[in-house]
Amino acid sequence: MKTSQMLIPTLREDPGEAEVVSHRLMLRAGMIRKTAAGIYTYLPLGLRVIRKIERIVREEMNRAGAQEVLMPIASPAELWRETGRWDFYGKELFRFKDRHERDFCLGPTHEEVITDLVRREVRSYRQLPLNCYQIQTKFRDEIRPRFGLMRGREFIMKDAYSFDRDEEGAKRSYQSMYDAYHRIFTRCGLTFRAVEADSGLIGGSSSHEFMVLADTGEESVVYTDDGAYAANVERAELPPPIDTPLEHARPLNKVATAGVGTVEEVAAYLKVEPHRIVKTLIYKAAKELVAILIRGDHTANEVKIKKVLGVMDLELADANTVMKSTGAPIGFAGPIGLQHVRVVADYAVKALSNFVVGANEVDIHYLDANWNRDFAVEQFADLRNAQAGDAAPRGTGTLKVAKGIEVGHVFMLGTKYSRSMNATFLDPQGQEQFAVMGCYGIGIGRTAASSIEQNHDAKGILWPVPIAPFHVHLLPLSQSAHVTQAAQSLYDSLTQAGVEVLWDDRDERAGVKFNDADLIGAPYHLVIGEKGLAQGTVELKERKTGEVKRIPPDVIPATISALIRDRA
Ligand code: ATP
Ligand code: MG
């Protein structure tokens with residue numbers, strides 16, 4: 001295709017709104033443009049990458065025996081009420097009413113819709129197993145849409161749903177999706193790891209996330225060096241403390257801590273170790289306030305907190321609410337004397353005695369607080385993130401932490417949805433059984449963005465061949481008839497050989513063309529100039545390595561076809 005005929009609005013400057021490199025480069029390379037927060041238009045180059053990833057996903061899903069369907073984006077509230085998710089999904093669900101005032105939502109995921117289909121169409125065990133997938137736009141009203149396609153409010157997802165006769169069959173379906181995901185992300189050229197994951201809202205018994213390793217990842221992965229354990233920190237379970245006797249309790253002591261609020265400040269001021277301080281985090285959990293107690297050197301895990309409290313909507317209370325409920329500003333909340341607020345503490349707090357807590361008064365803390373004497377804890381539970389140095393949950397070793405981007409997720413659902421929606425089939429004995437389900441998602445746009453996080457340099461993107469918007473960027477250095485004719489003939493022969501070529505036919509300076517080509521990141525650049533042609537060659541440059549070869553034009557198609565075949 002010719003650049004002059006395509007909408008490729010490249011940007012010389014870094015757009016201010018982009019915090020991560022993939023977002024920045026997608027905007028600069030003219031691949032996407034923002035329409036609203038978390039809602040994007042895919043421009044021609046961006047869409048080509050999306051379509052390539054979709055093709056790989058389709059091929060591997062088909063190979064794994066899944067069948068493609070397309071469900072509606074809008075679904076009626078009744079289905080969601082059957083599973084309880086109309087209420088449970090909270091604000092993330094985009095809801096609307098039709099002209100008859102009937103409730104609908106825009107699908108964030110499709111367990112309800114597919115289960116409704118299967119309960120109506122599948123009668124007999126002979127129709128199982130069944131695995132249906134779709135590639136479709138999803139809607140989630142994320143609290144913090146950001147990083148471009150990484151976390152949108154509207155985004156493209158591949159979602160698949162398997163239905164089996166029994167647990168054994170469901171495990172086979174799960175394994176075949178797990179294997180397909182390995183093939184998909186390998187073909188996309190990503191460095192990734194499958195980790196044990198939390199099954200979150202969708203619920204179920206077992207799940208893995210496919211994490212692209214990148215420092216800009218929003219997820220933290222814990223792992224042991226021997227590879228025996230890898231999990232999302234959200235998931236990594238931390239056991240209750242071993243029952244060692246607590247220290248002798250010293251008398252409770254109020255101290256002035258003027259001007260210090262954070263754990264570090266309080267620790268320095270009172271000369272105590274951060275692990276001797278207990279933070280009191282006031283959360284809004286659905287409609288009530290809960291005080292969560294976490295050791296000073298630990299961080300709260302909101303996924304675990306949600307699960308323990310059994311809520312979907314969880315938010316740290318704002319300054320006003322903290323003031324009203326504790327009588328003091330953020331930084332001074334504490335569990336002693338707290339009224340009308342449930343107190344739930346992390347397991348690590350249970351092993352502590354004589355610790356520091358806020359006193360619900362400005363500039364005051366308590367020294368030598370003891371949970372078994374000074375305040376009531378309703379429940380101790382696992383509420384914090386695993387961190388480097390924690391003992392690995394199973395077996396030996398200590399945990400390390402890395403950052404990752406979740407690009408795919410496979411879940412074993414069991415009969416959660418088939419039971420609540422009554423999706424049954426008749427087994428060979430004529431008995432009604434619930435179908436055993438699994439569900440499997442891949443973020444298509446997030447996969448594209450993740451690839452850029454892993455494949456870029458200071459000048460721009462370095463697309464792997466299988467998902468590059470074009471294989472070759474054809475760069476004539478002049479508009480002379482001679483050069484144009486050589487470009488046309490290369491364009492024709494490459495295209496005929498099945499190579500995808502972007503031909504920069506604009507009347508621009510070489511520097512401008514080179515900058516754009518580096519930014520856009522096609523794996524191969526072909527530079528055609530008078531000088532080279534006079535010597536019977538054109539320049540073939542590999543974008544990633546910068547390696548340049550001078551090659552006669554007539555062998556270019558064969559050379560490039562071979563390179564692409566090797567890297568596909
Ligand atoms: P996250 O924890 O990042 O919010 P999730 O667990 O909610 O993800 P799933 O429900 O498992 O995500 O969705 C399947 C896949 O869809 C994810 O693995 C991810 O690749 C993609 N995805 C989820 N939410 C978004 C989003 N807001 N924008 C882009 N892709 C998304
Ligand atoms: Mg999510």
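**Notes on the predicted model, starting at His110**

1. Let's start with a residue that has plenty of company. Leaving aside neighbours within four places in sequence, His110 is in contact with Met71, Pro72, Ile73, Gln134, Gln136, Lys138, Asp159 and Tyr161. You'll find His110 in the loop between E6 and H5. Is His110 buried or exposed? His110 is buried, because its relative accessible area is 1%, and the cut-off for buried is under 20%.

2. Before going further, remember that this is a predicted model. The average pLDDT of the protein is 94, and 98% of the residues score at least 70. There is one stretch to flag: over residues 201–205 the pLDDT is below 50, although in the model this stretch has 21 contacts beyond near neighbours in sequence. Where pLDDT is low, the predicted coordinates should not be read in detail. So please don't read those contacts in detail.

3. Now for the whole protein. Its secondary structure comes to 17 helices and 31 strands. Taken along the principal axes, the C-alpha atoms fill a box of roughly 95 × 70 × 55 Å. Of the 568 residues, 54% count as buried. The accessible surface comes to about 25,600 Å², and 50% of that belongs to carbon and sulfur atoms. Among the contacts with a separation of 6 or more, 69% are between residues 24 or more positions apart.

4. Ligand 1 deserves a good look. How many residues surround ligand 1? There are 15, and the closest are Arg140, Glu142, Arg151, Gly152 and Glu406. By kind, the residues of this shell divide into 5 nonpolar, 4 polar and 6 charged. Strand E8 (154–164) and strand E21 (400–414) each supply at least two residues of the shell. E21 gives the largest share, with 4 residues.

5. Staying with ligand 1, let's go through some atom pairs. Glu406 has a polar side-chain atom 2.5 Å from an oxygen atom of ligand 1. Two other pairs use the protein backbone: a polar backbone atom of Gly443 is 3.1 Å from an oxygen atom of the ligand, and a polar backbone atom of Met150 is 3.4 Å from a nitrogen atom of the ligand. How much of ligand 1 does the protein cover? On its own, ligand 1 has 580 Å² of accessible area, and the protein covers 87% of it.

6. Next, some backbone geometry to look up in the model. Most residues other than glycine have a negative phi, and most peptide bonds are trans. Which residues does a cis peptide bond join? That bond joins Leu128 and Pro129, with omega about 0°. Pro129 belongs to the loop between helix H5 (111–121) and strand E7 (130–139).

7. Phi gives us a pair of residues to set side by side. Glu101 is not a glycine, yet has a positive phi of about 70°; Asn354, also not a glycine, has a positive phi of about 50°. Each sits in a loop: Glu101 between strand E5 (94–97) and strand E6 (103–106), Asn354 between helix H10 (347–350) and strand E18 (355–358). Their surroundings make a nice contrast. Glu101 counts as exposed because its relative accessible area is 55%, whereas Asn354 counts as buried because its relative accessible area is 5%.

8. Ser493 is a handy spot for practising with sequence and space. It is found in helix H14 (residues 481–496), and the side chain of Ser493 reaches the backbone oxygen of Leu490 at 3.2 Å. With a relative accessible area of 28%, Ser493 is partly exposed. Try finding Ile556 as well: Ser493 and Ile556 are 63 residues apart in sequence, while their C-alpha atoms are 8.9 Å apart in space.

9. Finally, over to Pro245. This residue is in the loop between strand E12 (230–232) and strand E13 (253–256). Why does Pro245 count as exposed? Its relative accessible area is 77%, and exposed means over 50%. Asp159, one of the contacts of His110, makes a useful partner here: Pro245 and Asp159 are 86 residues apart along the chain, and their C-alpha atoms are separated by 50 Å.

Terms used:
Residues are numbered from 1 along each chain as its sequence is written. Chains are lettered from A and ligands numbered from 1 in the order in which they are written. This is a predicted model: local features need pLDDT of at least 70, side-chain atom pairs count only at pLDDT 80 or more; totals for chains, interfaces and linings use all residues. Side-chain values use heavy atoms; hydrogens and water are left out. Buried means under 20% relative accessible area, exposed over 50%, partly exposed in between (1.4 Å probe, protein chains only). pLDDT is the predictor's confidence in each residue, from 0 to 100. Contact means heavy atoms within 4.5 Å. A residue is near a molecule or strand if one of its heavy atoms lies within 4 Å of it. A polar contact is a pair of N or O atoms within 3.5 Å; within protein, one must be able to donate a hydrogen and the other to accept it, and residues adjacent in sequence count only if both atoms are side-chain atoms. Accessible areas come from the Shrake-Rupley method with a 1.4 Å probe; for residues, only the protein chains shown count as cover. Ala, Val, Leu, Ile, Met, Phe, Trp, Tyr, Cys and Pro count as nonpolar, Asp, Glu, Lys and Arg as charged, and the others, Gly among them, as polar.
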